[in-house]
Amino acid sequence: MNKQKPLMWIIAGQDSSGGAGIVADLLTTHDFDVTPSVVISALTAQNSQQLLGVEPCSVDFFKLQFDAIAMLQPCAIKVGMLANLEQVDVLTQTLHQLKRQQPDLKVVIDPVLVSSSGYNLGDVERVARFDRLFAEADLITPNIPELMTLTDTSIHSPEDLVKAAQQLAQRCQCAVLAKGGDSSFGERCVDVLCHFGSELVLSAPRIDTAHSHGTGCSLSSAIAAMLAHGYSLFDAVVAGKAYISRGLRLAVGQNSLPGAVAHWGRADQFADYPVIESSKTEIGRRYSALSNWPVAPQTAFARLDEQPGFYPLVDCFEWVEKLLHAGVRTLQLRIKEMAPAALKHCIFQSVQLAKQYRAQLFINDYWQLAIEAGAYGVHLGQEDIAANAVDLEAIARAGIRLGVSSHGEYELLRALALNPSYVAMGQVFATQSKVMPSAALGLTRFRQLCTLVDDCPIVAIGGIDLDNARPVIEAGADGLAVVSALSQSHAYLETIAKFNDIIGE
Ligand SMILES: Cc1ncc(COP(=O)(O)OP(=O)(O)O)c(N)n1
Ligand SMILES: Cc1ncsc1CCOP(=O)(O)O
Ligand SMILES: [Mg+2]
C-alpha cells in the first residue's frame with residue numbers, strides 16, 4: 001500500500017552549482033521521504049568558492065508562490081536564504097497566519113546571513129527585522145558567524161557559544177541550535193541546542209574534507225523533514241547531525257573545486273551518530289551541559305546468558321510463578337503500586353523462584369531492592385536514571401544486568417553509552433498499557449534504529465501481539481516485551497507457545 005509522505009515547504013534560494021540552497025534541500029527531502037513544495041527567494045550565481053551575483057525574486061512573485069501552494073498543507077517548513085527585508089516581512093506574516101491555523105506546524109529557520117561563498121545579509125539593524133520572523137520559528141540553526149551577528153557578540157570559547165545561543169533562544173522564544181563546526185576551539189565539532197532550560201550538547205569528530213558546501217542547508221532541511229514525520233526535536237537534531245556526518249564522510253569533489261556534502265541516504269551506521277555529552281563528561285562540562293546523564297560505570301554490566309526472546313512484564317508473584325512453570329526464560333516484575341513491605345516480599349520471593357528456574361528475571365524500577373535480593377537484572381527508564389541518582393556502579397559491581405528504555409534516536413544513543421545488558425525500544429506500536437511521552441515508532445523507524453545497534457540485545461516493546469510480532473523480529477528485535485498480549489489472553493499457555501514459535505523461526 002502506498003502511504004502519503006508528509007508535506008514540507010522549502011523557502012530558499014537557488015544555487016547554480018547545486019551544492020547548497022534548493023538543490024541541497026530537495027536532495028535531503030528525498031533522503032528523508034517527505035514531499036517538498038518550493039518557494040524560491042532568489043537565483044544566485046555561485047559555487048562553493050564564490051558568489052558572483054544574486055537576483056532576488058520580486059515581492060509579488062514571492063507572494064504568488066505562496067498562493068500557489070496554499071492548498072498543500074505542510075507538516076513542516078524549512079526557511080533558508082531570504083534575499084531582502086521585504087521577503088522577511090512577507091514570510092513573517094505568512095508563517096504567523098499558518099501557525100494560527102495549524103499550531104502543530106513545525107518551522108525551522110536556517111538564518112543564512114553569512115555564507116561560506118560570500119553572501120552577507122546581516123548587520124545589526126537588519127537583524128532586528130529578523131527577530132519578528134524568528135518568533136514564528138520552532139528552531140533556528142545559526143553557525144558561529146551568524147550567531148555573532150544575531151547577538152552582536154564575539155565567540156571565542158565554548159562559554160561564549162553557549163551564552164550567545166541562550167541569549168538568542170531567550171530573545172526569540174524558540175530553540176536555537178548553535179553549530180560549532182566553524183569553531184577554532186576544541187578538537188571535536190560541538191553543536192549546542194538551547195531551549196528554555198533544556199539543552200542538548202552533541203559532539204562529533206572533525207571530518208577532514210574540503211567538500212562541505214551546503215551542510216547548513218542540508219542540516220536544517222533534514223531536521224525539518226524529521227519534524228514533519230513527527231520526531232521529537234532532540235531526535236530530529238541527533239539524526240540530522242548524523243546525516244551531515246555521513247554526508248561529509250562520503251563527499252567527493254567535482255573536478256578541481258571543493259564540492260558539496262553528499263546526499264547518499266540516511267545515516268545507518270552508529271559511527272556517524274554524535275556523542276551526547278552530559279554534565280558528567282569533559283566536553284559537556286566545558287559547554288555547561290545541564291543533562292544529568294551518567295557515564296558508563298567502570299565495571300561493565302554483566303551480559304545476558306540467553307537472548308531475551310519472549311519477555312512478558314507482570315505485576316505480581318502469582319504471574320511470575322505461572323510464567324516460570326510455563327517455561328518462560330526472561331520476564332520482568334513491574335510493580336507500580338504496592339505497600340513497601342509487600343513489595344519487598346514480592347521481589348524477594350520472585351527472585352528466589354526465578355533462581356531455581358535459572359530464569360532471567362528483571363526487576364523494574366526498584367534497583368536497590370534488586371541488589372538486595374540478588375536479582376538477575378534490573379530494568380530502568382531514562383527518567384529513572386536521570387532523576388533518581390541511580391548508583392550504576394553498585395548495580396554493575398553486584399553482577400546485576402541492566403536493561404534501559406529508549407523512545408527514539410536521542411535516547412537510544414544515551415542508553416548505549418552506558419553499555420547496558422540490553423536496550424529496550426518502544427513503543428513500537430501504540431500501547432494501551434502505559435501513557436507514553438511520544439508517538440509510536442512504527443516498524444520503519446524501529447528497523448532504522450536497530451541498524452545502529454551492534455553488540456547489544458534489542459528488546460522491542462509497545463503494542464506487540466501475535467499478529468504483528470513476526471515483522472518486529474525481522475526488523476532486528478532480539479526480544480519481545482509484552483504486557484496486554486499476555487494479561488488479556490484467554491489461553492496464556494497457548495499464547496506463550498505461539499510467541500516462542502514466531503521468535504524461534
Ligand atoms: C523491557 C522494558 N522496556 C521498557 C520498559 C519501560 O520502562 P520505563 O520507561 O521506566 O517505564 P515503567 O515500566 O517504569 O513505567 C520496561 N519496563 N521494560
Ligand atoms: C511499559 C511500557 N513501556 C513502553 S510500552 C510499555 C507497555 C507495553 O504494554 P503492551 O504490550 O500492552 O503494549
Ligand atoms: Mg521505570
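This report walks through a predicted model of a protein with two ligands, going from its domains to its ligand sites and then to some local details.

**Two domains and their meeting place**

A good way to start is with the overall division. Domain 1 covers residues 7–252 + 261–286, and domain 2 covers residues 309–504. If you mark the C-alpha centre of each domain, the two points are 38 Å apart.

The domains do touch: 14 residues on the side of domain 1 are in contact with twelve residues of domain 2. The size of an interface is often given as the accessible area lost when the parts come together. Here the area buried between domain 1 and domain 2 is about 1100 Å², and carbon and sulfur atoms give 68% of it. On the domain 1 side, the residues that lose the most area to domain 2 are Asp 235, Phe 270 and Ile 276, which together account for 42% of what that side buries.

Which side chains form a salt bridge here? Arg 445 and Asp 235 do, with N to O at 3.0 Å. The count between domain 1 and domain 2 is one salt bridge, and four residue pairs are in polar contact between these domains. Helix α8 (residues 233–250) supplies the largest share of the domain 1 side, with four residues. Sorted by character, the residues on that side comprise ten nonpolar, one polar and three charged.

**The two ligand sites**

Now for the ligands. Ligand 1 is surrounded by 17 residues, and the closest are Gln 332, Arg 334, Lys 336, Asp 384 and Lys 434. Around ligand 2 you will find Arg 334, Thr 431, Ser 433, Lys 434, Met 436, Ile 461, Gly 462, Gly 463, Val 482, Val 483 and Ser 484. Arg 334 and Lys 434 therefore appear in both descriptions, as you can check by selecting these residues in the structure.

The table gives distances from polar side-chain atoms to an oxygen atom of a ligand.

| Residue | Ligand | Distance |
|---|---|---|
| Asp 365 | ligand 1 | 3.1 Å |
| His 379 | ligand 1 | 3.4 Å |
| Ser 405 | ligand 1 | 3.0 Å |
| Thr 431 | ligand 2 | 2.5 Å |
| Ser 433 | ligand 2 | 2.4 Å |
| Ser 484 | ligand 2 | 2.6 Å |

**A salt bridge between separate segments**

Side chains of opposite charge can pair when their charged atoms come close. How many salt bridges does the whole structure hold? A search finds 17. One of them joins Lys 5 and Asp 33, whose closest N and O atoms are 3.4 Å apart. Lys 5 belongs to the segment before β1 (7–15), while Asp 33 sits in the loop between α1 (21–31) and β2 (35–46), so this pair ties together parts that are 28 residues apart in sequence.

**Two backbone details**

Finally, two spots along the backbone deserve a look. Most residues other than glycine have a negative phi, and most peptide bonds are trans. Where is the cis peptide bond described here? This bond runs from Gly 426 to Gln 427, with omega near 5°. Gln 427 is found in the loop between β16 (422–426) and α16 (442–451).

Asp 152 is the other spot: this residue is not a glycine, yet has a positive phi of about 55°. Look for Asp 152 in the loop that lies between α5 (144–151) and α6 (158–172).

Terms used. Residues numbered from 1 in each chain as written. Chains lettered and ligands numbered in written order. Predicted model: local features only at pLDDT ≥ 70, side-chain atom pairs only at ≥ 80, totals over all residues. Heavy atoms only, no water. Domains from an automatic or database assignment. Contact = heavy atoms within 4.5 Å. Buried area = accessible area lost by both parts, 1.4 Å probe. Salt bridge = Lys/Arg side-chain N within 4 Å of Asp/Glu carboxyl O. Polar contact = N/O pair within 3.5 Å; in protein donor to acceptor, adjacent residues only side chain to side chain. Helix = DSSP H or I, 4+ residues; strand = E, 2+ residues; numbered from the N terminus. Nonpolar A, V, L, I, M, F, W, Y, C, P; charged D, E, K, R; others polar. Near = heavy atom within 4 Å.
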